[in-house]
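Trainee: Before we look at this model together, could you take me through the reasoning behind the terms, one step at a time?

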Amino acid sequence: MKVYLETYGCQMNVADSELVLGLLEREGYARTDDPAAADLLLVNTCAVRDHAEQRVIGRLGELKRHKRSGDVLGVLGCMAQRLGPTLLKRAPQVDLVVGPDGYRSLGALVAGAREGERRTDVEFKSWEHYEDVTPARAAGASAFVTVQRGCDYRCTFCVVPMTRGPERSRKLEDVVAEIRSLAARGVTEVTLLGQTVNSYNDGTADFADLLRAAGAVPGIRRLRFTSPHPNDFTDRVIQAMAGVPAMCEHVHLPVQSGSPPVLKRMLRRYTREAYLDCVARLRKRVPGIALTTDIIVGFPGETEADFLATRSLVEEVGYDDAYTFKYSPRDATPATKIPHAVPDDVAGERLQRLIETVRTVARRKNLGLVGSTHEVLVEAHARRGDALQARTRTNKIVLIEGPAGWIGTYRDVRLTGTTGSTFSGVVTDGRTVGRPDGHTAAGGLTVLPTV
Ligand code: SAH
Ligand code: F3S
């Protein structure tokens, strides 16, 4: 039996897909990249914006072509959770609709679907962490580790609390055990995942404890997390970040808007000042930290003055990069009741202007980095040409020349140029690089010969 699985949306969906494949491997499925060869076709979906859902609807139409009699087509993830049985009605080719807490029953549901049943499992299970499932991860130096599921914030624009249910954290011991086993397999970079990951609390340990414990696992040379909420950056957490050598100097810190009244209507629970204070505290304790963000334009009631406040915040913070979105109304979210919708052409025009500001700010910053030296993790072949793609601790992409054997290793590079967003670099030496504080890669990392 073969399974074909396509993933849309955030890193947590990528991690969930690895869980699903792990579960299905237990049931005897092998993975295929060819939908025509699959007995089970799955799409793991995102519901955050309408555009994401439209893409999936289009894709389901295409996948229908590969569905032979007896094959099963299932929709997983946030869109499955949001639409439930409606999706079965709307897309007759779909046999299964399973939300993020229902993957445990996937094997049984698929067996039923082969008998002609069309089923939905969209029940929240506030205990579910798939603790006994080994995710089928792609080989490589980097791995995602989900530490928290669900979200208890209720930002008025956001569908996630409805699609992923209440917030819950895994036990610290379980997370650490998983990271240990990853390190034993050669993983050196771990990204901790949660919807508001820094609100992590397992009843005994908080996010600061988790960072310290994860960063202390021998062999883990880079520790990252995404996405935090500004309100959960306690001094304790920031102190832990500063004190854990593996902790990378990059935080993705969603702001959504720079306008005080818009932030209020979004129910983001911080003011512009409080956000800027969070940025200042991070910069003070973690020198050189790179900051990226998410921004929504065209939220109901957003005036030109509100938009300009967002633009000025981008300049004031000096983000390294930003993901920018046009507000997309989501059914049953509180923001749909807020009056004074922004016309689509106005939102579109603001989005363009914002993208320009983000690019200008990032380019200025990146030009200033040319000439400096960074440790990079070589990740893969670059998409074009025969360069290798590498990443700094600050999350900057650097293209370098070198042998394929470097993939998965750490090098020192000097940045020689920038497109404004990505860099070119030359390797300055081939040693594994220690941190200035004496932290070197522990546990089983190869020390590379000097080139
Ligand atoms: N806390 C989550 C956020 C998930 S949604 C995390 O881990 O990243 C990712 C981003 O999508 C949000 O930060 C927001 O900028 C954007 N987004 C969410 N709902 C949206 C909507 N209704 N319209 C437009 N963008 C949205
Ligand atoms: Fe969404 Fe806000 Fe939670 S953006 S995921 S409701 S923190």
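Mentor: Let us start with a term: a salt bridge is a side-chain nitrogen of Lys or Arg within 4 Å of a carboxyl oxygen of Asp or Glu. Please keep in mind that this is a predicted model.

Trainee: Why is the meeting of the R164 and D16 side chains called a salt bridge?

Mentor: The N to O distance between the side chains of R164 and D16 is 3.0 Å, and the cut-off for an Arg nitrogen and an Asp carboxyl oxygen is 4 Å, so the pair qualifies as a salt bridge. Between domain 1 and domain 2 the count comes to five salt bridges, and nine residue pairs are in polar contact there, both residues at pLDDT 80 or more.

Trainee: Which elements give two or more residues to the side of domain 1 that touches domain 2?

Mentor: They are α1 (11–26), α2 (50–63) and α3 (77–83), and the largest share, seven residues, comes from α1. By kind, the residues on that side divide into eight nonpolar, three polar and six charged.

Trainee: Where do the two domains lie in the chain, and what makes residues of each part of the contact?

Mentor: The domain assignment gives domain 1 as 2–121 and domain 2 as 142–367, with domain 3 at 373–427. Contact requires heavy atoms within 4.5 Å, and the contact between domain 1 and domain 2 takes 17 residues from domain 1 and 19 residues from domain 2.

Trainee: How much area is buried between domain 1 and domain 2?

Mentor: That area is about 1,600 Å², with carbon and sulfur atoms giving 55% of it.

How values were computed:
Residues are numbered from 1 along each chain as its sequence is written. Chains are lettered from A and ligands numbered from 1 in the order in which they are written. This is a predicted model: local features need pLDDT of at least 70, side-chain atom pairs count only at pLDDT 80 or more; totals for chains, interfaces and linings use all residues. Side-chain values use heavy atoms; hydrogens and water are left out. Domain bounds come from an automatic or database domain assignment. Buried area is the accessible area (1.4 Å probe) that two parts lose on being put together, summed over both. A polar contact is a pair of N or O atoms within 3.5 Å; within protein, one must be able to donate a hydrogen and the other to accept it, and residues adjacent in sequence count only if both atoms are side-chain atoms. Helices (H or I, at least four residues) and strands (E, at least two) are DSSP runs, numbered from the N terminus. Ala, Val, Leu, Ile, Met, Phe, Trp, Tyr, Cys and Pro count as nonpolar, Asp, Glu, Lys and Arg as charged, and the others, Gly among them, as polar.
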